[in-house]
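Student: I would like to go through the empty spaces and the ligand site of this model with you, setting each value against its definition.

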Amino acid sequence: MTDQLTAVDRATARRFVDEHIAPHAGAWDRAGRVPDEVLARIAESGLWAPFLPPELGGSATDLVTLGAVHEEFGRACSSVRSLLTVHTMVAWALRRWGTAEQRERWGRELGTGRALGAFCLSEPEAGSDTAAIATTARAERGGWVLDGVKTWITGGQRADLFLVFARGPAATVALLVPRDTPGVRVTPIDDMLGTRASMLARIDFREVRLGPDALLGPAGFASGMLLTGTLDLGRYSVAAGSVGIVQACLDASADHCARRVVGGVPLRDLPLIRAKVSDMVTDARAARLLVAEAGRLKDAGDEATLAATWVAKYFASTAAARHATEAVQIHGAAGCAGDHPVSRYYRDAKVMEIIEGSSEIQRLTIADEAYRRRGA
Ligand SMILES: Cc1cc2nc3c(=O)[nH]c(=O)nc-3n(C[C@H](O)[C@H](O)[C@H](O)COP(=O)(O)OP(=O)(O)OC[C@H]3O[C@@H](n4cnc5c(N)ncnc54)[C@H](O)[C@@H]3O)c2cc1C
């Protein structure tokens, strides 16, 4: 416990990430997993769910700070940041909608990182269209029987608690499902394009019997809010992580440009290269400000944060994909090597445009919001 953080903020997260995450991210990417001892070290440092209150193992950080922490992780390793994102979504939903008994059972476990959470919404036939989920939750003898398949579940290979969305008797319900419940089967999904160490899985639920205490939030009413609120926080984390990718591309490119000489001229002096670097600087700053604005609105309890988060995620993730492409370009063949950090950023950045609401879905939603504001 030598590096226990007393308070979680950007600076402490940066020190932790630079010492324990960044030097190993490439090796984890190649191995397709983050070692258990690293997950434990994140727990020791209070970084799994720092927004929880101290009695649940957190340090009551605000959400602006959480965004900064997730940016720092995203700068070093999008796989670890992805694990933090889904864990955050589960821990936050539990704090927001959990009963006293549910918080008692799982709050401290999640807050201290002794138990890891995973978010189970997507199915083989339902991704962007969340209304199409086919997993069912049958009410039976005061409890629930869960049947269905969830896929692309980040951290699914490793998580202890699944937050599962299913069709209930009247509306979508959210259920807390411990991994060791009979009828739960976890099948690893390896060899993804990006975030390769985030330990994805397909989860089969077959006649999974749960008690009444599995239901998170009141049936019916809360499921929409719960889903919206939880996805919003995940999207915020991905936006912050995408800012980290842009920053990483900028750092790597600036370093490379200072070293590399072509045709007797340092790369850094070539106008076309300078233009790429200056665009990275500009977009990193703009994306960081958008994420901070969304975070401030969350901390203020202002529902305008939903639209602000869509914009932040859309801007930051597309900027990450664009600048990761340019970072590879600036590095030339060296950047095409599988183990070069910029080739990892390139693969990870593509994933950011798909998860937590794809770019297409975000553009539709942002346009809807524009029309709504005009009363059109
Ligand atoms: C690395 C990774 C990790 C993931 N982790 C999780 C996780 O932890 N939990 C979880 O539940 N899910 C997870 N997912 C799944 C992710 O949420 C879905 O991939 C995402 O919602 C998109 O769904 P889909 O892949 O089924 O694409 P589809 O919904 O089939 O969409 C295919 C394409 O069509 C576009 N499209 C869809 N609808 C429209 C429209 N109306 N107009 C225009 N274009 C449209 C999409 O933008 C996309 O480009 C993960 C995915 C990846 C790649």
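Student: What makes the pair formed by Ser358 and the ligand a polar contact?

Tutor: A polar side-chain atom of Ser358 lies 2.5 Å from an oxygen atom of the ligand, and because a polar contact is a pair of N or O atoms within 3.5 Å, the pair qualifies. The ligand also has a nitrogen atom 2.7 Å from an N or O atom in the side chain of Ser122, and a nitrogen atom of the ligand lies 2.8 Å from a polar side-chain atom of Thr154. Taken alone the ligand exposes 970 Å², of which the protein buries 63%, with areas from the Shrake-Rupley method and a 1.4 Å probe.

Student: On what kind of model do these values rest?

Tutor: This is a predicted model, in which local features need pLDDT of at least 70 and side-chain atom pairs count only at pLDDT 80 or more, whereas totals for chains, interfaces and linings use all residues. Residues are numbered from 1 along each chain as its sequence is written, and side-chain values use heavy atoms, with hydrogens and water left out.

Student: Why is the space lined by Leu39, Trp48 and Met199, among others, called a cavity?

Tutor: On a 1 Å grid over the protein atoms alone, a cavity is a set of points where a 1.4 Å probe fits but cannot get out, and lining residues have an atom within 4 Å of a point. The largest cavity has a volume of about 60 Å³, a volume being the space filled by probe spheres set on the points, which are joined across faces, edges and corners. Its lining draws at least three residues from each of domain 1 (10–116) and domain 2 (118–219), bounds that come from an automatic or database domain assignment.

Student: What makes the other kind of space a pocket?

Tutor: A pocket is an open set with protein on both sides within 12 Å along at least five of seven lines. The largest pocket has a volume of about 1,200 Å³, and of the 44 residues that line it, the closest to its centre are Leu231, Ile354, Ile355, Glu356 and Gly357.

Student: How do you know where the second largest pocket lies with respect to the domains?

Tutor: Domain 1 (10–116) and domain 3 (222–373) both give residues to the lining of the second largest pocket, so this pocket lies between them. The second largest pocket has a volume of about 410 Å³, and Trp92, Arg96, Gly229, Asp232 and Thr305 are the closest to its centre among its 17 lining residues.

Key:
Polar contact = N/O pair within 3.5 Å; in protein donor to acceptor, adjacent residues only side chain to side chain.
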